[in-house]
Amino acid sequence: MALRIVIDVLIGIGLVFALAGTKGILKMPDTFCRMQASTCINTMGVIGVALGALLYAIFIMGSTSAAIKIAVIALLIITINPIGSHAIAKGAYRAGIRPDKPMEIDDLGRDLENE
Amino acid sequence: MQKTRFPAVLSTFVLCFAFWVLLTWSFEIQELAAGAVVSLAAALFASRFFIQEKAFRLVHPRRFFSLLVYVFVFLGELLKANLDVARRCFGGCKDVNPGIVKVPVDLPDGYAEAMLANSITLTPGTITLDIAEEDGKDYYYIHWIDVAETDRVKAGEIIKGRMEKWIGRIWK
Amino acid sequence: MSDILIFSVAFACLAFINLYRLVKGPTAADRMVAGDAADTLICCAMILFSIFSGRGIYLDIAIVGALLGIIDTLLVGRYLEGRGWNDGAADRH
């Protein structure tokens with residue numbers, strides 16, 4: 001029973017961070033801030049869900065292959081997602097997408113103008 | 001175009017075969033033989049794109065121990081940054097002050113720089129946009145959700161934290 | 001047992017909420033970010049549904065979904081950058 005409580009708390013933590021990321025994606029003021037909020041889903045949300053599901057698969061289902069597959073899915077999402085995030089952010093900046101409000105400091109735009 | 005070398009083929013083969021066993025999860029001799037043939041073909045064709053330098057670099061006690069310590073250092077940073085961004089999201093999304101800062105980086109080779117850039121991107125609140133070289137030093141352009149410091153070196157200390165030191169130990 | 005199912009349905013609902021930004025978003029990057037987040041959330045929902053129903057096939061689908069989600073994000077990123085694929089090939093020769 002204590003194990004079920006631990007599993008539910010871990011998945012609940014993942015759900016809370018996923019909710020935070022979703023709210024950020026809907027409400028943040030500009031494109032780059034929305035990307036920052038979506039990183040929340042890709043890291044803590046996935047880690048919480050994967051840890052909970054891993055404990056469930058090992059101790060309640062007793063299935064080793066499911067546990068290893070869950071660990072591999074979490075590792076894949078966590079190691080590969082920054083590449084896509086980086087590509088989409090760089091592409092958006094090069095395509096001329098800027099926030100409505102001027103940014104506090106913009107080193108990349110200044111260096112691009114000097115080239 | 002790089003030539004195909006034996007250590008690169010061997011390490012790509014081990015990775016592909018591990019993935020095959022993982023997906024099928026049956027240990028009959030026929031399935032394992034089919035997996036070995038497919039993995040060998042994939043390794044022969046793809047290893048020169050996949051591994052450019054020394055293939056078994058991480059099989060070394062000091063580097064492997066540094067990698068294990070780095071995972072925990074990184075998880076700590078991740079948890080802190082996640083709590084910060086989640087607080088901003090639940091607090092109405094008005095508490096942001098975005099900007100792009102240019103941060104110097106001092107690491108031995110390209111793999112280490114790519115690893116640090118991916119770690120920074122994975123931390124909520126910072127995204128690496130580009131890497132540029134100026135006067136023999138490398139710089140990251142980092143989009144930061146809350147610019148607390150506009151000076152380059154101090155901003156770099158805040159963003160990179162302890163991650164740069166441990167990545168330098170892994171790839172030394 | 002059934003609380004795992006409730007969590008799974010909650011993740012799927014969050015993915016549907018993300019579709020609002022995918023339909024409305026003013027720029028292509030916004031749509032792509034929302035699509036990527038929905039992809040990850042569907043992956044989480046599929047992991048939870050797999051351990052709820054005890055069938056391993058959903059985990060394989062989740063692996064393939066995660067890999068394909070990254071590839072289309074990379075494609076749209078390269079497209080937005082506006083340089084095409086030929087630059088890298090020109091460097092290599």
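User: Where in chain C is M32(C) found, and is M32(C) buried or exposed?

Analyst: In this predicted model, M32(C) belongs to helix 2 of chain C, which covers residues 28-53. To judge burial, one counts how many other C-beta atoms lie within 10 Å, and 20 or more make a residue buried. M32(C) has 25 C-beta neighbours inside 10 Å, and therefore counts as buried.

User: Which residues does M32(C) touch, leaving aside those up to four places away in sequence?

Analyst: Leaving out such sequence neighbours shows what the fold and the assembly bring together. M32(C) touches T73(C) and V76(C) in its own chain, and I88(A) in chain A. As for distance along the chain, D72(C) is 40 residues apart from M32(C), while the C-alpha atoms of the two are separated by 8.8 Å.

User: What is the secondary structure of chain C, and how much of chain C is buried?

Analyst: Chain C has four helices and zero strands, so that, in the order of its elements from the N terminus, it reads α-α-α-α. Of its 93 residues, 42% are buried. Among contacts in chain C between residues at least 6 apart in sequence, those that join residues at least 24 apart make up 50%.

User: How many residues of chain C are in contact with chain A, and which helices supply them?

Analyst: An interface can be read by asking how many residues take part, which elements supply them and what classes they belong to. Here 40 residues of chain C are in contact with 43 residues of chain A. On the chain C side, helix 1 (2-24), helix 2 and helix 3 (57-81) each supply at least two residues, and the largest share, 14 residues, comes from helix 2. By class, this side of chain C has 26 nonpolar, eight polar and six charged residues.

User: At what angle do helix 3 of chain A and helix 2 of chain C pack?

Analyst: For a pair of helices, one reads the angle together with the distance between the axes. Helix 3 of chain A (residues 64-94) and helix 2 of chain C pack at an angle of about 175 degrees, and their axes are 11 Å apart. Angles over 145 degrees count as roughly antiparallel, and the two helices are therefore roughly antiparallel to each other. The residues that meet include I88(A) and A92(A) from helix 3 of chain A, and M32(C) and D36(C) from helix 2 of chain C. The residues of this contact divide into twelve nonpolar, two polar and one charged.

User: How do helix 3 of chain A and helix 4 of chain B cross?

Analyst: The axes of helix 3 of chain A and helix 4 of chain B (residues 110-122) come within 9 Å and cross at roughly 85 degrees. Since 65 to 115 degrees counts as roughly perpendicular, that is how these two helices are described. The contact is made by I78(A), P82(A), I83(A), S85(A) and H86(A) on one side and by N118(B), T121(B) and L122(B) on the other. Its residues divide into four nonpolar, four polar and no charged. Helix 3 of chain A also lies across strand 2 and strand 3 of chain B, running at about 70 degrees to strand 2.

User: What is the order of the strands in the sheet of chain B, and which strands stand at the edges?

Analyst: Reading a sheet means following which strand pairs with which. This open sheet of three strands has the order 1-3-2, with antiparallel pairing. Strand 1 and strand 2 (126-134) stand at the edges, each with a single partner strand, so one side of each is left without a neighbour in the sheet. From one strand to the next, the twist averages 25 degrees.

User: How many bridges join strand 3 of chain B to strand 1 and to strand 2?

Analyst: Strand 3 (residues 137-144) is joined to strand 1 by seven bridges, and V103(B) stands opposite Y140(B) in strand 3. Eight bridges join strand 2 to strand 3, and E134(B) stands opposite K137(B). Strand 1 (residues 99-105) is mostly covered, with five of its seven residues buried.

User: Which domains does chain B have, and how far apart are their centres?

Analyst: The domain assignment of chain B gives domain 1 (6-50) and domain 2 (61-170), and the C-alpha centres of the two lie 34 Å apart.

Key. Residues are numbered from 1 along each chain as its sequence is written. Chains are lettered from A and ligands numbered from 1 in the order in which they are written. This is a predicted model: local features need pLDDT of at least 70, side-chain atom pairs count only at pLDDT 80 or more; totals for chains, interfaces and linings use all residues. A residue is buried if 20 or more other C-beta atoms lie within 10 Å of its own, exposed if 12 or fewer, and partly exposed in between; C-beta atoms are placed from the backbone. Two residues are in contact if their C-beta atoms, placed from the backbone, lie within 7 Å. Ala, Val, Leu, Ile, Met, Phe, Trp, Tyr, Cys and Pro count as nonpolar, Asp, Glu, Lys and Arg as charged, and the others, Gly among them, as polar. Axes are lines fitted to C-alpha atoms, for helices over the stretch in contact, and angles run from 0 to 180 degrees between N-to-C directions. Angles under 35 degrees count as roughly parallel, over 145 as roughly antiparallel, 65 to 115 as roughly perpendicular and the rest as oblique. Two strands pair if DSSP finds at least two bridges between them. Domain bounds come from an automatic or database domain assignment.
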